[in-house]
Amino acid sequence: RGVDRFKRMVDDRIDERAFSKLRWRCRRGLLENDLLIERFLDRHGERLTVRQGQALARMMDLSDNDLLDLLLRRAEPSGALATADIAQLLDLMRPPQ
């Protein structure tokens, strides 16, 4: 029961306050990152789940250059970032090829 409850909780939509904090945390030093992240948040922010918010927060721990490499497909996630949640998020965030 606890596992099912947790799964439902992380698949719920992120609440407005948490989304606002996440949006603030997503502000970056590189304009290119800001543009890609803002476009993603404008398009998908209202439907963002708790799980996706957690994945995005983990991506924000990256340096600007490492994040840009992921967003522009110059690198793929590795180590702790090589998860299905991160891959799904990158599919939504990356510009079309």
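Accessible area is computed with the Shrake-Rupley method and a 1.4 Å probe, and by that reckoning the protein in your viewer exposes about 6,500 Å², of which carbon and sulfur atoms supply 50%. Keep in mind throughout the tour that this is a predicted model.

**The whole chain**

Begin with the entire protein in a cartoon view, where you should find six helices and zero strands, so that, read from the N terminus on, the elements run α-α-α-α-α-α. If you then colour the 97 residues by burial, 35% of them count as buried. Among the contacts between residues at least 6 apart in sequence, 68% join residues that are at least 24 apart.

**The start of the chain: D11 and I14**

Select D11, which you will find in helix α1. Its relative accessible area is 33%, which means that D11 is partly exposed. Leaving aside residues up to four places away in sequence, D11 touches T49 and R51. If you draw a distance from D11 to V50, the two C-alpha atoms are 6.0 Å apart in space, although the residues are 39 apart in sequence.

Now move along to I14, in the loop between α1 (2–11) and α2 (16–25). Is I14 buried or exposed? Its relative accessible area is 17%, and because buried means under 20%, I14 counts as buried. Show its surroundings and, again not counting residues up to four places away in sequence, you will see that I14 touches F19, L22, L48, T49, V50 and G53. A second distance to draw runs from I14 to R47, whose C-alpha atoms are separated by 7.9 Å while the residues lie 33 apart along the chain.

**The nonpolar core**

Next, select I37, L56, M59, L71 and M93, which are the residues with the most contacts inside the largest nonpolar core, a set of 24 residues. To see where this core comes from, colour α2, α3 (31–44), α4 (50–59), α5 (64–71) and α6 (84–93), each of which supplies at least two of its residues.

Stay with I37 for a moment and display what surrounds it: apart from residues up to four places away in sequence, I37 touches C26, R28, M60, L67, L71 and M93.

**Helix α4 and its cover**

Select α4 and pick out its buried residues, which are Q52, G53, A55, L56, A57 and M59. What covers these buried residues includes α2, α3, α5 and α6.

Now hide everything except α4 and α6, and turn the view until you can look across both helices. They pack at an angle of about 85°, with their axes 9 Å apart, and α4 and α6 are therefore roughly perpendicular to each other. On the side of α4 the contact is made by R51, Q52, A55, L56, R58 and M59, and on the side of α6 by D85, I86, Q88, L89, L90, L92 and M93. Sorted by class, the contact of α4 with α6 has eight nonpolar, two polar and three charged residues.

**Helix α3 against α6**

Keep α6 on the screen and bring back α3 in place of α4. How do α3 and α6 pack, and how far apart are their axes? The angle is about 95° and the axes are 9 Å apart, which means that α3 is roughly perpendicular to α6. The residues to select here are L36, I37, R39, F40 and H44 of α3, together with L89, L92 and M93 of α6. The residues of this contact divide into six nonpolar, one polar and one charged.

**Two stops in the loops**

Select S63 in the loop between α4 and α5. With a relative accessible area of 38%, S63 is partly exposed. From there, draw a distance to R28, and you will find the C-alpha atoms of S63 and R28 separated by 9.2 Å, with their positions 35 residues apart along the chain.

Finish at R73, which is found in the loop between α5 and α6. At 32% relative accessibility, R73 counts as partly exposed. The backbone deserves a look at this last stop, for R73 has a positive phi of about 65° although it is not a glycine. Most residues other than glycine have a negative phi.

Methods:
Residues numbered from 1 in each chain as written. Predicted model: local features only at pLDDT ≥ 70, side-chain atom pairs only at ≥ 80, totals over all residues. Heavy atoms only, no water. Helix = DSSP H or I, 4+ residues; strand = E, 2+ residues; numbered from the N terminus. Buried < 20%, exposed > 50% of the residue type's maximum accessible area, 1.4 Å probe, protein only. Contact = heavy atoms within 4.5 Å. Core = buried A, V, L, I, M, F, W, Y, C linked by side-chain atoms within 4.5 Å. Axes fitted to C-alpha atoms, helices over the stretch in contact; angles between N-to-C directions. Parallel < 35°, antiparallel > 145°, perpendicular 65-115°, else oblique. Nonpolar A, V, L, I, M, F, W, Y, C, P; charged D, E, K, R; others polar.
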